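Me: Hi! I have a structure open and would like to talk it through with you. Could you look at it with me?

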Amino acid sequence: MKMRPIFIFLLLALVFSCSEDGPPGPTGESQLPDPPKEEPPEVAIISDEDLMELTQKETFKYFWNYAEPNSGCARERFHPDNPTYDISTVTTGGTGFGLMAILVGIERNYISREQAVTRLQKMLNFLENADRFHGAWPHWLDGSTGKVKPFSAMDNGGDLVETAFVAQGLITVKEYFKEGSPAEKELATKADALWKGVEWDWYTQDENVLYWHWSPNHNFAINLQLKGYNETLIAYILAAASPDYSIMKEVYTNGWASNGGIKSNKTTYNYPLLVKHPGSETYGGPLFFSHYSFLGLDPIGLKDAYVDYGEVSINHASINYRYAVENPKQFIGYGPDCWGLSASYSRNSDGSLGYSAHSPANDVGVISPTAAISSIPYTPTESLKAMHYFYQHKDKLLGPAGFYDAFSPQYNFWVAEAYLAIDQGPQIIMIENYRTGLLWKLFMQNKEVKAGLTKLGFTYGN
């Protein structure tokens, strides 16, 4: 089975097929849900601090214990029941998240600083020698060779959004080690050079918008523009920040912001959405929209000419939570302590493992733990309630690399006993941002990032 992580065109195909306004309709499945299983064994109560620590420590193993063996980078997926499955597929975006997770590992004493430097050297050497396309990495790489692995028929070249996630991680590595030992300074210098080699402006095709893909065989045939609101804001920030391949402000204004068309006047559960979520303009899209760009980029107090991205993110998560509490489809288990819809593994109608960009407009009764956990800076009380629920069901939900990717109380407590890098990474990172602000501080102190934000007319800071 070839699973595909989220792509905007895949997302649109999913969400536009679903009803957007008003309470979502029935799931469309003809079969009745399986009878609920017996209650789980009683689990001792754990403190909030201990629970966050446990979640971070266990999730860290995805990027440390179960990394791709040759490169040290993040594998696209890990299935504990078949650990060698797809073992050589490196996800570049997930690797960017992994770079940041390793910094958390140092701070939390999961690994030594020396161990981290050795692993990071290996990862950066791999990225330096891997296939790049006008400076951009592809979505997938073969960890054994560094060659591109096609993500789809025409997607065998540069992926600007995955590259932006890599660059976000590289910048935090640069900032973390820049005043360290000679080996650490060398690592910082390499990280800095790698992200600065991305030819962001070339991906505009001389237009006032960024394009997602370029292929040496198919050129810009996929023709997917980066327009918000989605997970692609970070690409515009870094494109403006680039010292050698920078974009003009007009690219941001026309591209990401659609000349103001990004704004929304919708309000749900008394929370203004503020921005238009494609296909989900009433309830908001999958929660990863408000996670991926903001692992390093601090949204709290971040404003452009159109919206306050802290308010956008808080309201997005709050609406997602309130939707689960209202539970218009009456799914078993949904409520104040069991919530969170985002892209993840999913349950197909026949009970097999699938993939879906879950949101209130595409709700099939499957909860993605990353959704609530990674929203903890926005909804700390609600996110911790969900984490306690996941922990109370740890006999089913907690595996060798953190909480499993998805589950459904509706269907006999079905669990996707598998992991995806892009779902595990935001959990450890966003918990750390909630606890200490580590990754936000590192990224936001970078001088090029500051210059890029200023160039695009942002104000920021609490």
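Me: How many of the nine residues of H7 are buried?

Reply: Nine of the nine are buried, so H7 is largely enclosed by the rest of the structure. Buried here means under 20% relative accessible area, exposed means over 50%, and partly exposed is in between (1.4 Å probe, protein chains only). Helices (H or I, at least four residues) and strands (E, at least two) are DSSP runs, numbered from the N terminus. Before we go on: this is a predicted model, where local features need pLDDT of at least 70, side-chain atom pairs count only at pLDDT 80 or more, and totals for chains, interfaces and linings use all residues. Residues are numbered from 1 along each chain as its sequence is written, and side-chain values use heavy atoms, with hydrogens and water left out.

Me: Which residues of H7 are the buried ones?

Reply: They are Leu233, Ile234, Ala235, Tyr236, Ile237, Leu238, Ala239, Ala240 and Ala241.

Me: And what covers them?

Reply: The cover includes H5, H6, helix H8 (249-254), helix H9 (309-326), helix H14 (438-444) and helix H15 (447-455). Contact means heavy atoms within 4.5 Å.

Me: Let's zoom out. How many helices and strands does the protein have?

Reply: There are 15 helices and 15 strands. The radius of gyration is 21 Å, close to the 23 Å that the globule rule gives for 462 residues, so the protein is as compact as a globular protein of that length. That radius is taken over C-alpha atoms, and the rule is 2.2 Å times the number of residues to the power 0.38. Along its principal axes, the C-alpha trace spans about 60 × 45 × 45 Å.

Me: What share of the residues is buried?

Reply: Buried residues make up 62% of the 462. As for contacts between residues at least 6 apart in sequence, 70% of them join residues at least 24 apart.

Me: What about the surface: how much does the protein expose?

Reply: About 16,200 Å², with carbon and sulfur atoms supplying 49% of it. Those areas come from the Shrake-Rupley method with a 1.4 Å probe, and for residues only the protein chains shown count as cover.

Me: Cysteines next. How many disulfides are there?

Reply: Zero, where a disulfide is a pair of cysteine sulfur atoms within 2.5 Å. Cys73 counts as buried at 0% relative accessibility, and Cys338 is buried with a relative accessible area of 0%.

Me: Back to H5, please. Where is Glu175, and is it buried or exposed?

Reply: Glu175 sits in helix H5 (residues 160-177) and counts as buried, at 6% relative accessibility. Not counting residues up to four places away in sequence, Glu175 touches Leu442, Gln445 and Asn446.

Me: And what does Phe177 contact?

Reply: Phe177 also lies in H5 and is buried, at 0% relative accessibility. Leaving aside neighbours within four places in sequence, the contacts of Phe177 include Leu103, Ile106, Arg113, Val117 and Leu120. Others among them are Glu184, Lys185, Leu187 and Ala188.

Me: New topic: backbone oddities. Which peptide bond is cis?

Reply: The one from Gly228 to Tyr229 is cis, with omega near 10°. Tyr229 is in the loop between strand E6 (213-214) and helix H7 (233-241). Most residues other than glycine have a negative phi, and most peptide bonds are trans.

Me: Where is Gln205, and what is its phi?

Reply: Gln205 is in the loop between helix H6 (182-196) and E6, and its phi is near 55°, a positive value in a residue other than glycine. Gln205 is partly exposed, at 29% relative accessibility.

Me: What about Asn270: buried or exposed?

Reply: Asn270 counts as exposed, at 73% relative accessibility. Asn270 has a positive phi of about 70° although it is not a glycine, and its place is the loop between strand E7 (267-268) and strand E8 (271-272).

Me: One last loop. What does Ser374 touch?

Reply: Ser374 touches His291, Pro426, Gln427 and Met430, not counting residues up to four places away in sequence. Ser374 lies in the loop between helix H10 (369-373) and helix H11 (380-392) and is buried, at 0% relative accessibility.
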